[in-house]
Amino acid sequence: MSDEYQHVSKSKLKLKNDSDTKKKHKKKDKQKQKDKMIRAVLENPGEGTSEERKQQAQSNTPVGRTLTKAEESFKKMQEKMQNKRIVEKAQMTHKQRVEQFNMHLDSLTEHFDIPKVSWTK
């Protein structure tokens, strides 16, 4: 009986797709970065983070290429809008947002109610 199973590997199986575990780790890193950005914007709105973003934007551009005035103004406006969104989201807690959403739903007309069909009652 043992002669039949001599060619069998006794080590643990190696999975081909181990990249799934790495992706989960990256999501955590992204969340940590977002949290850091929110804290930085709340502490200094529009000051310290813009310099870091400029460096990142310049590192994304190819070597030897400079941004045009339109591209620079576009990136500045994107930064302002992103800062504004972050500050607005950070001002309300999740509970407050849910309450506000429920109030909005209460104020809507009841479109999906079954209409009254009988004329006699």
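The exercises below work through a predicted model of one protein chain, each with a solution that goes step by step.

**Exercise 1. Describe the helices and strands of the chain, and then say how much of the chain is buried.**

Begin by counting the elements: the chain has four helices and zero strands. Reading along the sequence then gives the pattern α-α-α-α. For burial, the cut-off is a relative accessible area under 20%, and buried residues make up 7% of the 121 residues in the chain. Finally, turning to the surface, the accessible area of the chain comes to about 12,400 Å², and 55% of this belongs to carbon and sulfur atoms.

**Exercise 2. Compare the span of helix H3 with its expected span, and name the buried residues of H3.**

Helix H3 covers residues 69-91, which gives 23 residues. The expected span is 1.5 Å times one less than the number of residues, and for H3 this comes to 33 Å. In the model, H3 reaches 33 Å from its first C-alpha to its last, which is close to the expected value. The buried residues of this helix are Glu79, Asn83 and Ile86.

**Exercise 3. Find the salt bridge in the structure, and decide how exposed each partner is.**

As background, side chains of opposite charge can pair when their charged atoms come close. A search of the whole structure finds one salt bridge, and this bridge joins Glu71 to Arg65, with the closest N and O atoms 2.7 Å apart. To classify the partners, recall that partly exposed lies between the buried limit of 20% and the exposed limit of 50%. Glu71 has a relative accessible area of 26%, so Glu71 is partly exposed. Arg65 also counts as partly exposed, because its relative accessibility is 42%.

**Exercise 4. Place Lys34 in the structure, starting from its helix and ending with its surroundings.**

Lys34 is found in helix H1, which runs over residues 19-43. Its relative accessible area is 53%, and therefore Lys34 is exposed. On the surface, Lys34 gathers with Lys30, Lys89 and Arg97 in a patch of positive charge. Lys34 can also be set beside Ile86, since the two residues are 52 residues apart in sequence and 9.5 Å apart in space, C-alpha to C-alpha. Ile86 itself is one of the buried residues of H3.

**Exercise 5. Identify the residues that form a nonpolar patch with Phe101, and classify the exposure of Phe101.**

The nonpolar patch on the surface is formed by Phe101, Leu105 and Leu108, which together have about 280 Å² of accessible area. Phe101 lies in helix H4, residues 94-107. With a relative accessible area of 49%, Phe101 is partly exposed.

Conventions. Residues are numbered from 1 along each chain as its sequence is written. This is a predicted model: local features need pLDDT of at least 70, side-chain atom pairs count only at pLDDT 80 or more; totals for chains, interfaces and linings use all residues. Side-chain values use heavy atoms; hydrogens and water are left out. Patches are made of residues with over 30% relative accessible area and no salt bridge: like charges are joined within 9 Å, nonpolar side chains (Val, Leu, Ile, Met, Phe, Trp, Tyr) within 5 Å. Accessible areas come from the Shrake-Rupley method with a 1.4 Å probe; for residues, only the protein chains shown count as cover. A salt bridge is a side-chain nitrogen of Lys or Arg within 4 Å of a carboxyl oxygen of Asp or Glu. Lys and Arg count as positive and Asp and Glu as negative; His and the chain ends are not counted. The place of a charge is taken as NZ of Lys, CZ of Arg, CG of Asp or CD of Glu. Helices (H or I, at least four residues) and strands (E, at least two) are DSSP runs, numbered from the N terminus. Buried means under 20% relative accessible area, exposed over 50%, partly exposed in between (1.4 Å probe, protein chains only).
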